[in-house]
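Could you walk me through this one as you would at the bench? I'd like to know what sits against the DNA and what is tucked away inside.

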There are 2 protein chains.
Amino acid sequence: MKRRVTLKDIARETGVHVSTVSRALDPVTRKAITAEVAEKIQAAAERLGYRPNRIAAGLRTNRTMTVGVMIPDITNVIFPPILRGIESVLEPLGYASIIVNTDGEKERESRLVNVLRDRGVDGIIHAAATRDDPMVARAAEDGMPIVTLNRRVEDGAIPFVINDEQSGICQMLRHLMELGHRSIAHIAGPQDLSTGQLRLAAFRDAMAETKLACDERLIATATHFDESEGARCVEQLLASGLRFTAVLCANDRLALGAIERLHEKGLNCPADVSVSGFNDMPFLNLIRPRLTTIHIEQHGAGQAAARLLVQLLNDAETDRLPTETVLPVRLVVRESTGPAPAP
Amino acid sequence: MKRRVTLKDIARETGVHVSTVSRALDPVTRKAITAEVAEKIQAAAERLGYRPNRIAAGLRTNRTMTVGVMIPDITNVIFPPILRGIESVLEPLGYASIIVNTDGEKERESRLVNVLRDRGVDGIIHAAATRDDPMVARAAEDGMPIVTLNRRVEDGAIPFVINDEQSGICQMLRHLMELGHRSIAHIAGPQDLSTGQLRLAAFRDAMAETKLACDERLIATATHFDESEGARCVEQLLASGLRFTAVLCANDRLALGAIERLHEKGLNCPADVSVSGFNDMPFLNLIRPRLTTIHIEQHGAGQAAARLLVQLLNDAETDRLPTETVLPVRLVVRESTGPAPAP
DNA sequence: AGCTGTCGTGCAATCGATTGCGTGGAGCTT
DNA sequence: AAGCTCCACGCAATCGATTGCACGACAGCT
């Protein structure tokens with residue numbers, strides 16, 4: 001285990017001062033050095049196998065070239081593509097990211113924000129923001145660049161990237177109506193998550209725009225975005241005794257659970273009941289019936305958030321940045337929706 | 001944006017020297033300080049909201065409390081649980097991890113090893129090791145603690161954690177034979193990945209132990225671990241004209257692709273052909289027929305690798321650590337395997 | 001020739017925490 | 001009471017890179 005090569009070693013080797021070496025090796029300051037000297041220094045650096053010590057540089061410059069990424073849970077399939085999107089922007093610029101999972105717990109969220117701050121991250125991409133976390137607010141106040149993803153923040157000071165939930169719900173509802181559905185139920189997501197909330201609100205709005213009455217009893221609210229809640233909610237809808245020919249779900253997993261339970265109850269999808277999802281998560285093409293859903297650009301959302309953060313990191317005038325980025329979504333028609341059955 | 005609180009601030013506040021503050025705040029060295037003084041210092045630290053600067057500490061101590069984690073691709077569903085396993089061990093100990101994706105490219109792998117080294121990670125968990133990467137070997141030689149995961153390294157110097165592939169293949173083969181299958185095909189994984197290689201070797205060994213002849217023509221080799229290759233391989237097997245009643249696949253995705261293609265060809269699984277997977281990846285319970293597979297402790301493997309790395313990081317006598325950790329696997333019988341059809 | 005301006009390089013402080021060593025004083029022994 | 005030990009704390013160097021400032025040399029101008 002040999003000691004690593006430092007600027008001092010190169011300085012000794014080439015007979016110049018460390019500051020000269022430092023300047024010669026930084027492309028920005030290199031122009032201040034005689035070409036001949038700079039080349040000699042670069043050659044020596046190469047020969048000795050010099051690798052800059054980012055820690056030391058970070059101490060001096062107060063930049064670590066590291067960003068924190070907060071997500072609810074990496075095992076949730078919608079997040080890995082987001083992370084790859086983030087990485088695709090950040091890695092070429094020399095940034096690395098530290099990823100943390102909040103598991104949707106506020107206590108963990110608060111703690112992890114501080115973990116990231118302690119590590120001196122230059123900024124944070126927050127894809128797991130709860131409505132109001134004091135530590136996040138504090139970090140933002142203290143000047144930490146933050147971008148939230150998938151979660152809208154009321155505050156207004158923090159720029160965010162979201163998908164066009166409203167448009168997605170609207171497109172899906174139109175699709176169902178074009179298929180002849182008039183009695184449409186909704187399985188809403190958890191109302192403490194902004195996606196659940198936004199999609200429910202969008203559903204109500206979209207229903208209001210149609211001439212159809214929106215029967216509140218045809219809305220069931222899940223406590224989690226998972227299959228078992230989808231199953232429970234569809235069962236609740238059935239138990240209400242009200243007729244419905246389609247269920248618009250706030251998320252793919254809810255939809256899958258609902259289809260499963262309907263099947264158990266002897267109802268076929270889409271022949272008897274059409275069911276739609278939201279997110280277009282990976283692997284849907286392997287599950288039968290293939291789910292009609294709203295496609296979201298996960299990768300693109302990650303990229304957008306990362307680009308936004310990079311701007312925050314570089315530009316002094318953060319005022320002129322968009323605080324709100326809304327990404328387009330797209331209806332993907334597959335097999336789980338079909339013509340409404342005759343009454 | 002106010003300046004952050006440093007040891008110096010606390011020293012000024014309490015009227016002692018920074019070194020005393022440093023000692024009072026470190027639980028290990030605290031015993032060298034008068035209780036009364038230490039309490040005063042802690043109170044001041046608390047009051048001022050002191051947060052230690054890890055960068056500065058890292059520069060001095062040469063430890064960043066950061067580890068690098070290399071995986072092929074985070075969007076592959078088997079990796080997120082591994083990462084959570086790693087996190088569950090590392091995070092409580094104060095470590096953070098930097099995750100990088102190699103995409104299975106050797107060039108990226110080499111580059112990313114250096115990225116991690118430049119960032120001064122204390123160690124690396126390498127779940128994407130190719131057979132012989134010079135940069136990885138160099139890092140190990142230079143004293144970088146490394147543990148590999150899921151990939152065996154011939155070298156011998158680097159400890160590794162793997163699953164008991166051999167046992168898994170063996171259990172599956174026994175299961176198929178108990179169901180009456182005698183003509184068993186194998187869809188092997190890519191032979192440039194150690195899992196593909198190991199599982200194929202295990203299949204040959206296991207077949208040899210039975211009295212059945214292992215017909216090499218009933219082995220198809222995939223170029224990637226994905227559904228389309230599973231489909232292609234099963235088609236190749238069918239095209240051979242040889243009879244087989246079961247296909248043991250090296251991986252779940254190959255199995256899913258194979259089932260799909262069989263179905264397209266009018267062959268039912270498991271009635272006509274039994275198909276088995278390997279890995280027990282998430283979401284299998286949603287896909288019909290539910291796949292019989294070998295369950296791997298992804299989370300446990302991550303934990304094991306992390307624990308091993310932590311030992312390397314702390315203990316001086318690294319000699320006495322196990323260089324080889326083999327984790328047990330478990331047969332999970334579901335619906336894709338059934339009794340062999342009558343000839 | 002002398003003056004000014006420019007350019008290349010060196011000097012030294014700095015970032016914040018850690019740590020080996022030195023020192024002064026308290027407390028104990030004889 | 002003198003001398004000794006030991007302990008708590010201070011001092012200062014250190015980790016490696018960055019950067020404002022100063023200085024010296026040389027060129028260009030009058």
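## Reading bases on strand C

A polar side-chain atom of A:S19 sits 3.1 Å from a base nitrogen of DNA strand C, which fits the cut-off for a polar contact (a pair of N or O atoms within 3.5 Å; within protein, one must be able to donate a hydrogen and the other to accept it, and residues adjacent in sequence count only if both atoms are side-chain atoms). For A:R23, a polar side-chain atom lies 2.9 Å from a base oxygen of DNA strand C. From chain B, an N or O atom in the side chain of B:R60 is 2.3 Å from a base oxygen of DNA strand C. The elements giving two or more residues to the surface near this strand are α2 (18-25) and α4 (54-61) of chain A, along with α2 (18-25) and α4 (54-61) of chain B. Helices here are DSSP runs of H or I with at least four residues and strands are runs of E with at least two, numbered from the N terminus.

A quick word on ground rules: this is a predicted model, where local features need pLDDT of at least 70 and side-chain atom pairs count only at pLDDT 80 or more, while totals for chains, interfaces and linings use all residues. Residues are numbered from 1 along each chain as its sequence is written, chains are lettered from A and ligands numbered from 1 in the order in which they are written, and side-chain values use heavy atoms, with hydrogens and water left out.

## The surface around strand C

In total, 23 residues surround DNA strand C, and the closest are A:T20, A:T34, B:L7, B:Y50 and B:R60. A residue counts as near if one of its heavy atoms lies within 4 Å. The largest share of this surface, four residues, comes from α4(B). By class, there are ten nonpolar, nine polar and four charged residues; Ala, Val, Leu, Ile, Met, Phe, Trp, Tyr, Cys and Pro count as nonpolar, Asp, Glu, Lys and Arg as charged, and the others, Gly among them, as polar. Of the atoms of DNA strand C within 4 Å of the protein, 64% belong to sugar or phosphate and the rest to bases.

## Over on strand D

DNA strand D is surrounded by 23 residues, with A:L7, A:Y50, A:R60, B:T20 and B:T34 the closest. Sugar and phosphate make up 64% of the strand D atoms that come within 4 Å of the protein. Phosphate oxygens of this strand lie 3.0 Å from a polar side-chain atom of A:S22 and 2.7 Å from one of A:Y50. B:R60 turns up here too, with a polar side-chain atom 2.9 Å from a base oxygen of DNA strand D. For strand D, the largest share of the surface, four residues, comes from α4(A).

## A buried strand in chain A

Six of the six residues of strand β2 (residues 96-101) of chain A are buried, so this strand is largely enclosed by the rest of the structure. Buried means under 20% relative accessible area, exposed over 50%, and partly exposed in between (1.4 Å probe, protein chains only). On one side sit A:A96, A:I98 and A:V100, and on the other A:S97, A:I99 and A:N101.

## The matching strand in chain B

B:S97 lies in strand β2 (residues 96-101) of chain B and is buried, at 15% relative accessible area. Leaving out residues up to four places away in sequence, B:S97 touches A:S97, A:I98, A:I99, B:V67 and B:V69, where contact means heavy atoms within 4.5 Å.
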